[in-house]
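Morning, everyone. I have one model to walk through, and I'll keep it brief.

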Amino acid sequence: MDLKEQISKARMPRHIAIIMDGNGRWAKRQGMARMFGHRQGVQTVHNITEAAAELGVEYLTLYAFSTENWNRPKEEVDALMILLVDTIAKETPTLMKNNVRLTTIGDLSRLPEETCRKFKECIAQTSANTGLQMVLALSYSARWELTEAVRMVAKKAAEGTLRADEIDEQTVSMHLTTAGIPDPDLLIRTSGELRISNFLLWQLAYAELYFTPCLWPDFSVEEFYRAIIDYQHRERRFGKTSEQVI
C-alpha cells in the first residue's frame, strides 16, 4: 500500500500550517546563491498545495516571509519580493484550476506597492473558489499580530463599545488576522529546526507538531503524506482522558 492510500479521509486535518525552512541552506549545499534555493522552494509550494487540495484539506497556511526576514540583506529581500510577484502571476491559473482560494495574513503595509497589488489581484480573482483556502503569511509575526489585537480590543474598551468583563478567548480570536479560520490541527516544520519561530502562537495552542530534517526544497509530497499519517496516529485529547475521547 502506498503512502497516499494509508491516509484516512475520516481523520484528515482540517487545517495544516507549514514553516517552510531551509531554502538558503539547500542552495548552499548545491554551491549556489540563496535565491536559487528560494526559487526551488516555489516548486515545493506548488506541489504541496496541489497535494493538499487533492486530499481535501480545507486550509493550508504557509509561513512565507516573517517580519524578522526584513532584517536580511536588502539584495535578498528585494529579490524575494520580485520572486513573490512572479510566482503569483505564474501560479494564479493553477489556483483557479484547482479551485484554490488565496488569502494573506501579516503586515502587508510593509510590502512593496507592486507586490501588494499583485496579491490583491490574485485574492480577488480566486475569491469565489470553494476548495482549499491557501493562507500566505507575509511580513507576519505572532507577536505583531497579538499586539495589534490587544490594541484593537483596548480601543473598543476606551470607546465604551466593549466592557472588560466581556473579553474572553473568543474576543481575542476575533481580532486576530486569522479571524474566521479554524486553528491549525497540524504544524509541519522543515529543515530540522525544533522551534515555532514566532508563528501563530495563539492559534497553535493545541496543534500537533511534526518536525522533519528535510530542507524545504526537498520536502516531497510523500513526506507531506508521512506527516499526515503521523498526525492520524496521534490521540487528540484536548485536556481530556483517553477514555473520554474514545
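First, a word on terms: axes are lines fitted to C-alpha atoms, for helices over the stretch in contact, and angles run from 0 to 180 degrees between N-to-C directions. Bear in mind that this is a predicted model.

Start with two helices. H2 covers residues 34–55, and H3 covers residues 74–97. They pack at an angle of about 25 degrees. Their axes lie 11 Å apart. Angles under 35 degrees count as roughly parallel, so H2 is roughly parallel to H3. Which hand does the crossing of H2 and H3 have? It is right-handed.

Who makes the contact? From H2, we have Arg34, Met35, His38, Arg39, Val42, His46 and Glu50. From H3, it is Glu76, Ala79, Leu80, Leu83, Thr87, Glu91, Thr94 and Lys97. By class, the residues of this H2–H3 contact split into 5 nonpolar, 4 polar and 6 charged.

Now the sheet. It is open, with 6 strands, and the pairing is parallel. Reading across, the order is S3-S4-S2-S1-S5-S6. Which strands stand at the edges? Strand S3, 101–105, and strand S6, 208–211. Each has a single partner strand, so one side of each is left without a neighbour in the sheet. From one strand to the next, the twist averages 20 degrees.

Look inside the sheet next. S2, residues 59–66, pairs with S4, residues 133–140, in the parallel sense over 7 bridges. One to find on screen: tyrosine 59 has glutamine 133 in S4 as its bridge partner.

Last, helix H4, residues 113–126. H4 packs on the sheet and touches S3 and S4. The direction of H4 makes about 140 degrees with that of S3.

Note on methods
Residues numbered from 1 in each chain as written. Predicted model: local features only at pLDDT ≥ 70, side-chain atom pairs only at ≥ 80, totals over all residues. Heavy atoms only, no water. Helix = DSSP H or I, 4+ residues; strand = E, 2+ residues; numbered from the N terminus. Parallel < 35°, antiparallel > 145°, perpendicular 65-115°, else oblique. Left-handed = near helix turned anticlockwise from the far one by under 90°. Contact = heavy atoms within 4.5 Å. Nonpolar A, V, L, I, M, F, W, Y, C, P; charged D, E, K, R; others polar. Pairing = 2+ DSSP bridges.
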